[in-house]
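Open the model in your viewer and keep the sequence panel visible. The tour goes from one selection to the next and says what is found at each stop.

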Amino acid sequence: MQKDIFQRIIDREIPSTIIYEDDKTIAFLDINPHTKGHFLVVSKEFSENLFDIEDDDLINLILTARKLALSQIEKLNAKGFRLEINSGIAAGQEIFRTHVHIIPYYDD
Ligand code: AMP
């Protein structure tokens with residue numbers, strides 16, 4: 001089976017700006033950011049999206065996403081953030097490996 005693009009980032013086969021990694025998750029900047037500092041958090045255990053992710057993996061992913069969001073928001077001096085998990089083609093999902101978007105928002 002062909003590796004998905006995020007697995008290739010985990011395996012360091014393609015470059016990315018990694019901002020965090022542990023044994024269960026990796027986080028890196030989105031290549032096409034909606035706002036400054038937009039990043040993605042990906043579970044290392046494979047699932048496609050919210051339709052098939054295991055509960056434990058989802059809980060870990062969300063907790064890690066929130067922890068990273070809070071620290072990045074402070075570093076960037078952002079005022080808030082949006083957390084998104086697109087699930088399914090109809091919802092705009094392009095990469096079929098569960099990932100959380102953290103999109104910072106600023107005063108202006
Ligand atoms: P989604 O629509 O939720 O599947 O979003 C996929 C996201 O992955 C998009 O925001 C893309 O800009 C982002 N993306 C695709 N390829 C890469 C890559 N090589 N490095 C970082 N982000 C990527």
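Select His99, which sits in strand S5, residues 99–105. The model is a predicted one, so every stop on this tour describes a prediction. UniProt, in an unreviewed entry, places the feature "active site" at His99. Is His99 buried or exposed? His99 has a relative accessible area of 6%, and anything under 20% is called buried, so His99 is buried.

Now show what surrounds His99. Neighbours within four places in sequence are left aside; beyond them, His99 is in contact with Phe6, Leu40, Val41, Val42, Glu84 and Ile85. Then look for a polar contact: the side chain of His99 comes to 2.7 Å from the backbone oxygen of Arg97.

**The wider region**

Select residues 5–108. UniProt places the feature "domain: HIT" here, again in an unreviewed entry. Colour the selection by secondary structure: 27% of this stretch is helix and 25% is strand. The C-alpha atoms at its two ends are 33 Å apart.

**An aromatic pair**

Go back to Phe6, one of the contacts of His99, and add Phe28 to the selection. How many aromatic pairs does the structure hold? It holds one. The ring centres of Phe6 and Phe28 are 5.3 Å apart and the ring planes stand at 65°, so the pair is edge-to-face. Phe6 belongs to helix H1 (residues 5–10) and Phe28 to strand S2, so the pair ties together parts that are 22 residues apart in sequence. Both Phe6 and Phe28 are buried.

**A buried acid**

Next, select Asp30. This residue is in the loop between strand S2 (25–29) and strand S3 (39–43). Asp30 is buried, yet has no salt bridge. Where is the nearest side chain of opposite charge? That side chain belongs to Arg82, 13 Å away. A salt bridge needs the charged atoms within 4 Å, so Arg82 does not form one with Asp30.

The side chain of Asp30 does have a polar partner: one of its polar atoms lies 2.8 Å from the backbone nitrogen of Asn32. Show the contacts of Asp30 as well. Leaving out residues up to four places away in sequence, Asp30 touches His38, Phe39, Leu40 and His101. Leu40 is also on the contact list of His99.

**Two residues with positive phi**

Most residues other than glycine have a negative phi. The next two selections do not follow this pattern.

Select Arg12, which is in the loop between H1 and strand S1 (18–21). Arg12 is not a glycine, but its phi is positive, at about 60°. The relative accessible area of Arg12 is 48%, so Arg12 is partly exposed.

Then select Asn77, in the loop between helix H2 (55–76) and strand S4 (80–84). Asn77 is not a glycine either, and has a positive phi of about 60°. With a relative accessibility of 54%, Asn77 counts as exposed.

**Salt bridges**

Side chains of opposite charge can pair when their charged atoms come close. In this structure there are six salt bridges. The stops below show some of them.

Start with Arg12 again and add Glu21. Their side chains meet in a salt bridge, with N and O 2.6 Å apart. Glu21 is partly exposed, at 32% relative accessibility.

Move to Lys3 and Glu13. These two form a salt bridge whose closest N and O atoms are 2.5 Å apart. Lys3 is in the segment before H1 and Glu13 in the loop between H1 and S1, so the pair ties together parts that are ten residues apart in sequence. Lys3 is partly exposed, with a relative accessible area of 38%. Glu13 is partly exposed too, at 41%.

Keep Glu13 selected and add Arg8. Which distance separates their closest N and O atoms? It is 3.3 Å, and Arg8 and Glu13 form a salt bridge. Arg8 has a relative accessible area of 33% and is partly exposed.

For the last selection, take Lys3, Arg8, Asp11 and Glu13 together. Salt bridges link these four residues in a network.

Terms used. Residues numbered from 1 in each chain as written. Predicted model: local features only at pLDDT ≥ 70, side-chain atom pairs only at ≥ 80, totals over all residues. Heavy atoms only, no water. UniProt positions renumbered as here; feature names shortened; annotations may be inferred. Helix = DSSP H or I, 4+ residues; strand = E, 2+ residues; numbered from the N terminus. Buried < 20%, exposed > 50% of the residue type's maximum accessible area, 1.4 Å probe, protein only. Lys, Arg positive; Asp, Glu negative; His and termini not counted. Polar contact = N/O pair within 3.5 Å; in protein donor to acceptor, adjacent residues only side chain to side chain. Contact = heavy atoms within 4.5 Å. Phe/Tyr/Trp six-rings, centres within 6.5 Å; stacked < 30°, edge-to-face > 60°.
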